[in-house]
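Work through the exercises below with the model open. Try each task before reading its solution.

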Amino acid sequence: MSTTRCATSNTAPPVNVIIVGAGPSGLAASACLALRGVESVVLERDDCVGSLWRKRAYDRLHLHLPKHHSALPHAPHADDAPAYLPRDHFVRYLDAYADRFDVRARLRLRREVRSARFVDDGRWEVEAVDLGTGEAELYASRFLVVATGKFDEKVVPAVPGLDTFPGETIHAGEYRSAEGMQGKAVLVVGCGNSGMEIALDLAEGGAGSCSVVVRGEVHLMTREIMSASIPLLRYLPLWMVDRMTLLACRLVFGDTAKHGLPRPAVGPFAWMQQGGGYPVIDVGTFDRIKEGQIQVLPAVASIDRDVVEFADGRRHRFDAIIFATGYRCTAKKWLKDEGDELIGKDGKVTGKSPKGEKGLYRAGMAARGLTGSGTDAEFIADDISRLLLQSSGHEESGNVD
């Protein structure tokens with residue numbers, strides 16, 4: 001993200017809260033604040049709300065949790081909505097949510113935040129650039145909410161010889177469907193939810209061959225097992241839920257390590273809590289792996305033109321490579337030295353609370369999915385409205401005295 005300052009600068013009227021990001025977390029935070037009578041402004045780099053879902057998600061994507069676990073605060077999904085929402089259905093839901101709670105009136109699209117600093121008089125100053133006009137803008141507020149999410153900047157690993165590969169190389173965020181891949185040998189690097197489902201899409205869509213790189217351990221799970229396990233966390237200790245979940249997974253999948261997918265030593269929910277990542281929700285990929293239609297390969301060692309060498313010495317030729325290697329959060333680029341108690345220098349979440357120091361908050365960044373977006377939004381709105389009420393009471397008391 002560039003730090004070049006523009007010549008012109010417009011100062012916006014101060015507000016109580018600045019929210020950076022108009023994905024589900026930012027929309028929910030703004031809506032919950034508005035319901036408590038707290039004004040906010042939402043700064044979004046893209047030209048729409050929910051840009052990750054609208055612009056960087058493949059066509060066949062469905063939410064992996066049932067709709068009652070995938071709704072934002074005060075807006076349950078309709079009774080006739082599919083149990084697991086397709087991508088386009090969820091995008092329409094986000095649009096309707098922004099309209100219903102009048103978030104669009106508080107939304108500033110195509111605003112790229114360049115810096116945020118806490119100044120001595122107890123407020124945040126946020127510098128942004130209007131990407132449409134190139135003009136710099138200055139916003140001020142008492143509270144700042146980081147809602148940019150963890151899926152901000154594409155990550156592509158440095159692979160020796162990648163620049164010699166003559167075929168197509170794309171990130172999973174650019175993949176939409178198997179169109180154009182028919183008959184081709186395709187390598188998917190990465191075995192998270194996106195990588196595994198893209199591999200399935202390629203196998204079903206007519207790719208000549210499909211291989212997926214699995215570099216570490218994977219917790220494979222079904223939608224049904226995940227949906228049944230989550231409510232148990234309210235009543236049972238995590239280790240017990242993990243044990244029950246692993247038993248169910250063993251009954252469904254057997255020993256996944258036999259097919260190149262070893263499980264971590266700890267259960268899936270402990271794995272998430274420790275920062276190991278999300279379980280992979282299987283929607284058919286594992287059957288294709290067992291049938292040999294999708295090949296599991298170890299880490300990529302090097303590339304020499306169209307031949308890829310792997311960590312175990314095997315070499316295979318490919319026509320295309322898809323990097324399902326994730327994203328990184330870039331909030332620290334503009335937060336700089338602020339907020340280390342919420343987001344580390346590497347962009348990873350630190351601490352358990354969404355509340356930091358100096359009126360700084362983060363929303364929906366702690367590996368709890370859309371449920372986390374909602375609970376963070378309610379917490380943030382409650383906390384800010386309480387602090388504003390306390391501040392107002394102190395001011396009135398001072399005036400009386």
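**Exercise 1. Place Asp376 and list what surrounds it.**

Solution. Start with the secondary structure. Asp376 sits in helix H10, residues 369-400. Helices here are DSSP runs of H or I with at least four residues, strands are runs of E with at least two, and both are numbered from the N terminus. The model is predicted: local features need pLDDT of at least 70, side-chain atom pairs count only at pLDDT 80 or more, and totals for chains, interfaces and linings use all residues. Numbering runs from 1 along each chain as its sequence is written, and side-chain values use heavy atoms, with hydrogens and water left out.

Next, check exposure. Asp376 has a relative accessible area of 3%, so it is buried (buried is under 20% relative accessible area, exposed over 50%, partly exposed in between, with a 1.4 Å probe and protein chains only).

Last, list the contacts (heavy atoms within 4.5 Å). Leaving aside residues up to four places away in sequence, Asp376 touches Pro354, Arg362, Ala363, Gly364, Met365 and Arg368.

**Exercise 2. Describe the open sheet of 5 strands and the helix on it.**

Solution. Read the order: S9-S18-S10-S11-S14, with parallel pairing. Two strands pair if DSSP finds at least two bridges between them. The edges are S9 (168-171) and S14 (294-297), each of which pairs on one side only. From one strand to the next, the twist averages 20°.

Zoom in on one pair. S10 (residues 185-189) and S11 (residues 209-213) run parallel over 5 bridges. Val186 has Cys210 of S11 as its bridge partner. Now add helix H4, residues 193-204. H4 packs on the sheet and touches S10, S11, S14 and S18 (320-323). The direction of H4 makes about 170° with that of S10. Axes are lines fitted to C-alpha atoms, for helices over the stretch in contact, and angles run from 0 to 180 degrees between N-to-C directions.

**Exercise 3. Characterise the packing of H1 and H3.**

Solution. Two packed helices are described by the angle between their axes and the distance between the axes. The axes of H1 (residues 24-35) and H3 (residues 87-100) come within 10 Å and cross at roughly 25°. H1 is therefore roughly parallel to H3 (under 35 degrees is roughly parallel, over 145 roughly antiparallel, 65 to 115 roughly perpendicular, the rest oblique).

Then take the residues. H1 contributes Pro24, Leu27, Ala28 and Ala31, and H3 contributes Phe90, Leu94, Tyr97 and Ala98.

**Exercise 4. Find the buried residues of H5, then examine Ser229.**

Solution. In H5 (residues 223-232), the buried residues are Arg223, Ile225, Met226, Ser227 and Ser229. They pack against S12 (220-221), H6 (238-253), H7 (268-273) and S13 (280-281).

Focus on Ser229. Its relative accessible area is 5%, which means Ser229 is buried. Ser229 touches Val241, Thr245 and Phe269, not counting residues up to four places away in sequence. Thr245 is 16 residues from Ser229 along the chain, and their C-alpha atoms are separated by 6.6 Å.

**Exercise 5. Trace the hairpin of S5 and S6.**

Solution. First, coverage. S5 (residues 111-119) is mostly covered, with 7 of its 9 residues buried. Second, pairing. S5 and S6 (residues 123-130) are antiparallel over 8 bridges. Val119 has Arg123 of S6 as its bridge partner. Third, the turn. The hairpin has 3 residues between the strands, and Gly122 takes a positive phi near 85°.
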